[in-house]
Amino acid sequence: MSNPTEPHPPKIATRRPVARTRWSGERLLDGDSHATQVYEQVELTDLDLRHSTFSECTFTGCDLTGTDLTGTHLVESDLAEIEAAHLTAPRSLWRHSPLTRSRLGAVEAYEANLDQLVLADSKISYVNARGSIWSDVLVQRCVIDELDLVGAKLTRVRFEDCQIRSLGVDRASCRSVDLRDAELREVTGLAGPAGGTRRNAQVFDLSRAPAAELGISVAPPS
């Protein structure tokens, strides 16, 4: 019998395989729609791709530094070995589109919608995900220096074997958010993650910051 206090894991459906063709090099413009294209080892820097749609596409070894993905839809696409010193993607949609083995600097993803997303084996310096909606998101083996989830809505989100050096969750709404396998260095907005599940040791670690402000010492769990 399942434990009713256990957080529900993300629900990520299996995708059907599709045939894809290599990108011919035509110019990519904002607002265009692209389907079943393969972008491999190509430089896609400083492009204006606002409100574009990429369906069942593959991005491998691409540099997206400076690319504007504002309002862009990535649907059932695969992204791997992506490099981007700075990526702009507010109000974008990432649906069933895994991002793996990538290195990203500053990511502006406020008010974005992440649905059935796997983020794995990646290093990210800063993520501005304020006001975003995360549903059925699995984050695995990632190092994130700063994750700003202020005002975000999180449902069935799990962090596995992750390091998050700074996590902001003020005014965040959480349902079945599993942080037990995440190393958290600093958290702001401790009242925010109601509905999140943490280990006893994490509760001790996280409680020291507000306690120190009040001059209170917190003993570790026995």
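Is R22 buried or exposed? R22 is exposed, because its relative accessible area of 57% is over the 50% cut-off. The model is predicted.

**Salt bridges**

The structure holds 18 salt bridges. Side chains of opposite charge can pair when their charged atoms come close. Three pairs are set out here.

| Pair | Closest N to O distance |
|---|---|
| D78 and R20 | 3.0 Å |
| E40 and R22 | 3.2 Å |
| E183 and R185 | 2.6 Å |

Take D78 and R20, which form a salt bridge. This pair links distant parts of the chain, 58 residues apart. D78 sits in strand β7 (residues 78-80), while R20 belongs to the segment before β1 (21-22). D78 has a relative accessibility of 24%, so D78 counts as partly exposed. R20 also has a relative accessible area of 24% and is partly exposed.

R22 pairs with E40 in another salt bridge. This pair, too, links distant parts of the chain. E40 lies in strand β3 (residues 37-40), R22 in strand β1, and 18 residues separate them. E40 is partly exposed, because its 34% relative accessible area falls between the 20% and 50% cut-offs.

E183 bridges to R185. The relative accessible area of E183 is 35%, so E183 is partly exposed. Salt bridges also join R158, E160, D178 and R180 in a network.

**The largest cavity**

Three cavities of 30 Å³ or more are found in the structure. The largest has a volume of about 280 Å³. Its lining is made up of 20 residues. V107, L114, L117, L119 and V127 lie nearest the centre of this cavity. Five elements each give two or more residues to the lining: β11 (103-108), β12 (113-120), β13 (123-128), β14 (133-140) and β15 (143-148). What classes of residue make up the lining of the largest cavity? The lining has 19 nonpolar residues, one polar residue and no charged residues.

**Positive phi in two loops**

Most residues other than glycine have a negative phi. E111 has a positive phi, near 60 degrees. E111 is placed in the loop between β11 and β12. With 46% relative accessibility, E111 counts as partly exposed.

D121 likewise has a positive phi, near 50 degrees. The loop between β12 and β13 holds D121. The relative accessible area of D121 is 36%, so D121 is partly exposed. The strands on either side of these loops also help line the largest cavity: β11 and β12 for E111, and β12 and β13 for D121.

Terms used
Residues are numbered from 1 along each chain as its sequence is written. This is a predicted model: local features need pLDDT of at least 70, side-chain atom pairs count only at pLDDT 80 or more; totals for chains, interfaces and linings use all residues. Side-chain values use heavy atoms; hydrogens and water are left out. On a 1 Å grid over the protein atoms alone, a cavity is a set of points where a 1.4 Å probe fits but cannot get out, and a pocket is an open set with protein on both sides within 12 Å along at least five of seven lines; lining residues have an atom within 4 Å of a point. Grid points are joined across faces, edges and corners, and a volume is the space filled by probe spheres set on the points. Helices (H or I, at least four residues) and strands (E, at least two) are DSSP runs, numbered from the N terminus. Ala, Val, Leu, Ile, Met, Phe, Trp, Tyr, Cys and Pro count as nonpolar, Asp, Glu, Lys and Arg as charged, and the others, Gly among them, as polar. Buried means under 20% relative accessible area, exposed over 50%, partly exposed in between (1.4 Å probe, protein chains only). A salt bridge is a side-chain nitrogen of Lys or Arg within 4 Å of a carboxyl oxygen of Asp or Glu.
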